[in-house]
Amino acid sequence: MRDQAECLRDLVKRKSASQPSKLPSSGIKIYTVASGKGGVGKTNIAVNTAIALQKRGLKVMILDADLGMANVDVVLGIYPRVTLRDVMFGDKRLQDAVMRGPGGIRIIPGGSGMLEMTKLNSEAQKKLMRQFSQMDDIDILLIDTGAGISMNQLSFITFAHEVVLVTTPEPTAITDVYSVIKIISELKIKRKIKLIVNKASSDKMGRLTYMKLKKTAESFLNVELEYLGYVADDARVGNSVMKQVPFIMKYPNCLASQCIDKIAEQIVGVSIKGAKITTMSEVYNRLVKIFG
Ligand SMILES: Nc1ncnc2c1ncn2[C@@H]1O[C@H](COP(=O)(O)OP(=O)(O)OP(=O)(O)O)[C@@H](O)[C@H]1O
Ligand SMILES: [Mg+2]
């Protein structure tokens, strides 16, 4: 049986061919949100940041890439009528599977269908790619992944232009996110990694957590860690999850929403300066290359 190290080495070989190294002047900028420990707030951060970015005039799509469990739709309280499987094996179009969320964000419910997508015959792949290429009015694609560091998570990190790791100040979360940073560094997947510290009591605590990780990562690993911001530990978050309304919609002025607004401002700055990338058909091609 192939061990994990061997699989990871294979991934590294393939990733050099599929990593988005050059950023053309227009297109889509892809962010993958990942973590070590589960339940640290990835989905909430992805959904609320997407809405904050859309409010600032960017067109945002979220890809729910937690291949085990649906995440994004639960937080939003909207459920897909058409899945990617219906698109691939039925007569539904990709546009039918894309859901509209609050503020006009769009969501592709990925689910387990995503892996099958890469195993279609060439005729079916062409059909799907044509549909992907019809969705080009997107500025930012946010990929919400499951916890931990499996081959799938690594593939989505490889696939994106930017990786955003989420941790909390808890020692267990820090240890786990450090392991993720270590793997990204050892496999030379990314040189720069962005970090969000969630459930922090203050910006000071967020920065303290970041500094701890940055010192260790930059001393022992060949990566640069960048602080994208913190999100306050705020009871309104849990409250909104219960009501299935994103907190930035329900409580736009609460502490957590203010933090998300700051993060969105940073992303807008970078996406304008650094420009963006590929078309959706290239997004699709890259997915197939990495997972196929
Ligand atoms: N800033 C916050 N303040 C208070 N509670 C929070 C905050 N962020 C997240 N939570 C709580 O943590 C729970 C888990 O959040 P979320 O589902 O976004 O995590 P996740 O990292 O996506 O989890 P998974 O790894 O299972 O996908 C939420 O339901 C919410 O109750
Ligand atoms: Mg999640």
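Start by selecting ligand 1: in this predicted model, ligand 1 sits in the largest pocket. Colour the elements around the ligand next, since several stand out: H2, strand E7 (192–200), strand E8 (224–232) and helix H11 (235–243) each give two or more residues to the shell.

**The shell around the ligand**

Now show the residues that surround ligand 1. There are 19 of them, and the closest are Lys 42, Thr 43, Asn 44, Asn 198 and Ala 232. If you colour this shell by class, you will find six nonpolar, eight polar and five charged residues.

**Polar contacts to the ligand**

Which polar contacts does a nitrogen atom of ligand 1 make with Asp 234? Draw a distance to the backbone of that residue: an N or O atom there lies 3.0 Å from a nitrogen atom of the ligand. Then move to Asp 233, where a polar atom of the side chain lies 3.4 Å from a nitrogen atom of ligand 1. Finish with Gly 39, which places a polar backbone atom 3.0 Å from an oxygen atom of ligand 1. With those contacts on screen, switch on the ligand surface: taken alone, ligand 1 exposes 640 Å², and the protein buries 77% of that.

**The pocket itself**

Hide the ligand and look at the space that holds it. The largest pocket has a volume of about 350 Å³. Its lining counts 24 residues, and Gly 39, Gly 41, Lys 42, Thr 43 and Asn 44 are the closest to the pocket centre. Select by element now: H2, helix H3 (72–76), E7, E8 and H11 each give two or more residues to this lining. Which element supplies the largest share of the lining of the largest pocket? Click on H2, which provides four residues. By class, the pocket lining has nine nonpolar, nine polar and six charged residues.

**On to the cavity**

Leave the pocket and turn to enclosed space. The count comes to one cavity of 30 Å³ or more, with a volume of about 60 Å³. To find the cavity, select its lining: Tyr 31, Val 33, Ile 45, Ala 46, Thr 49, Leu 142, Val 164, Ile 196, Leu 228, Ile 263 and Ile 267.

Colour that selection by element and three names come up: strand E1 (29–35), helix H2 (42–55) and helix H13 (255–273) each supply at least two residues of the lining. H2 gives the largest share here, three residues. Last, colour the cavity lining by class: 10 residues are nonpolar, one is polar and none is charged.

**A last view**

Keep H2 selected as you end the tour. This helix gives the largest share of the lining of the largest pocket, and H2 also gives the largest share of the lining of the largest cavity.

Technical notes: Residues are numbered from 1 along each chain as its sequence is written. Chains are lettered from A and ligands numbered from 1 in the order in which they are written. This is a predicted model: local features need pLDDT of at least 70, side-chain atom pairs count only at pLDDT 80 or more; totals for chains, interfaces and linings use all residues. Side-chain values use heavy atoms; hydrogens and water are left out. On a 1 Å grid over the protein atoms alone, a cavity is a set of points where a 1.4 Å probe fits but cannot get out, and a pocket is an open set with protein on both sides within 12 Å along at least five of seven lines; lining residues have an atom within 4 Å of a point. Grid points are joined across faces, edges and corners, and a volume is the space filled by probe spheres set on the points. Ala, Val, Leu, Ile, Met, Phe, Trp, Tyr, Cys and Pro count as nonpolar, Asp, Glu, Lys and Arg as charged, and the others, Gly among them, as polar. A residue is near a molecule or strand if one of its heavy atoms lies within 4 Å of it. A polar contact is a pair of N or O atoms within 3.5 Å; within protein, one must be able to donate a hydrogen and the other to accept it, and residues adjacent in sequence count only if both atoms are side-chain atoms. Accessible areas come from the Shrake-Rupley method with a 1.4 Å probe; for residues, only the protein chains shown count as cover. A molecule sits in a cavity or pocket if more than half of its atoms lie within 2 Å of its grid points.
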